[in-house]
Amino acid sequence: MKKIITSIIMVIVLWQCSVVSAVALNNNPMLKDIKIDGQSMEPKFEMFTTEYVLTVGEEVEKIQVEPIPDDEKAKIEIKGNTTLQKGRNQIEIQVTAEDGQAKQSYFLYITKGRQEQANANLKELKIESVELAPTFDKNTIQYAFEYPQNLEKLKIEAISEAQGAKVEIIGNENLKEVTQNIEIKVTAKDNQTIKTYYLIAKKAGKEVENPEGNEPLKDEITQENNNKKFYAIFIILAIIMVVIIGKFIIGRGKAKNEK
């Protein structure tokens, strides 16, 4: 009887330990920085900005990409050739969270060549009757704003920094009831360097929950991880209770046998 009870307790303990291990795994697949050749990247890295357009001179043959995960237990895989070819190069940084499920990719689009020909920045972005958040900066590619309910089309003024660059506005027709995803695509004079600015437009006075295209908030990730820690502590306490009860049962059985 004692051996049976001991075996049952061991099975329960091992099962609970495996549950704790699974629950405690982090699900954060974000980066906190990307360094190029040991230096901070230009444009400045932002955790929820996943695309970056860079230019380098013709003399640059190879770059060193150093992604720094927000969670040190996350796994990182760099896809693409860091030995640069002339023209446009694409490098993908894929981050897999400790839990093996949550994933996030960051993309670097690097043009090697005449830098003045590879300028795909906007120098000005204005939308009539609305205020962008954050304030426009040529290196910031993601914006959000509210627009008046009576508008069916926005008056967008997007001016390229370099003469000869092509600017396309995509998604500014037939504004939806709640949110609209608008892209401003800038193609540099070299016809290879492309930079896209992303706008999330919300109709004023309308409520929306988790609109499509929004990035997850770091606070949400932190809260979820805190919940996992709470569950892990709860399960550990449950294991301790199981062990105590098991010892109590064994002790009673042993005392009864001695009588």
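## A salt bridge between two strands

Glutamate 146 and lysine 202 join their side chains in a salt bridge, with N and O 3.2 Å apart. This pair connects distant parts of the chain, since glutamate 146 belongs to strand β9 and lysine 202 to strand β13 (residues 194-203), 56 residues apart. Their surroundings are worth a look too: glutamate 146 is partly exposed at a relative accessible area of 44%, while lysine 202 is buried at 18%. Please keep in mind that this is a predicted model.

## The other charged pairs

How many salt bridges does the count come to? The count is six, and two further examples follow here. Lysine 155 pairs with glutamate 128, their closest N and O atoms lying 3.8 Å apart. Lysine 155 sits in the loop between β9 (142-147) and β10 (156-160), and glutamate 128 in the loop between β8 (122-127) and β9, so this salt bridge ties together parts that are 27 residues apart in sequence. Lysine 155 counts as exposed, with 59% relative accessibility, and glutamate 128 is partly exposed, with a relative accessible area of 44%.

Aspartate 33 and lysine 35 make another salt bridge, at 3.5 Å from N to O. Is aspartate 33 buried or exposed? With a relative accessible area of 18%, aspartate 33 is buried. Lysine 35 has a relative accessible area of 21% and is partly exposed; the cut-off for buried is under 20%.

## An open, mixed sheet

Next comes a sheet of four strands. The sheet is open, its strands come in the order β3-β7-β6-β5, and the pairing is mixed. The edges are taken by β3 (51-56) and β5 (75-79); each has a single partner strand, so one side of each is left without a neighbour in the sheet. On average, neighbouring strands of this sheet are turned by 20 degrees against each other, direction ignored.

The strands β5 and β6 (residues 87-96) run antiparallel and are joined by five bridges. Along this pairing, lysine 75 has threonine 96 in β6 as its bridge partner, and lysine 79 stands opposite glutamate 92 in β6. On its other pairing, β6 runs antiparallel to β7 (residues 103-112), with 10 bridges between them. One of the matched positions is isoleucine 93, whose bridge partner in β7 is tyrosine 106.

How much of β6 is buried? The strand is mostly covered, with eight of its 10 residues buried. The hairpin of β6 and β7 has six residues between the strands, and there glycine 100 takes a positive phi near 80 degrees.

## Aromatic rings around phenylalanine 45

The structure holds five aromatic pairs. In one of them, phenylalanine 45 and tyrosine 52 are stacked, with 5.8 Å from centre to centre and 25 degrees between the planes. Both phenylalanine 45 and tyrosine 52 are buried.

Phenylalanine 45 also pairs with tyrosine 106: the ring centres are 5.8 Å apart and the planes stand at 45 degrees, so this pair is tilted. Phenylalanine 45 lies in the loop between β2 (39-40) and β3, and tyrosine 106 in strand β7, so the pair ties together parts that are 61 residues apart in sequence. Tyrosine 106 is buried, as is phenylalanine 45. Through these ring pairs, Phe45, Tyr52 and Tyr106 are linked into a cluster. Tyrosine 106 therefore brings us back to the sheet, as the bridge partner of isoleucine 93 and a residue of strand β7.

Conventions
Residues numbered from 1 in each chain as written. Predicted model: local features only at pLDDT ≥ 70, side-chain atom pairs only at ≥ 80, totals over all residues. Heavy atoms only, no water. Salt bridge = Lys/Arg side-chain N within 4 Å of Asp/Glu carboxyl O. Buried < 20%, exposed > 50% of the residue type's maximum accessible area, 1.4 Å probe, protein only. Pairing = 2+ DSSP bridges. Axes fitted to C-alpha atoms, helices over the stretch in contact; angles between N-to-C directions. Phe/Tyr/Trp six-rings, centres within 6.5 Å; stacked < 30°, edge-to-face > 60°.
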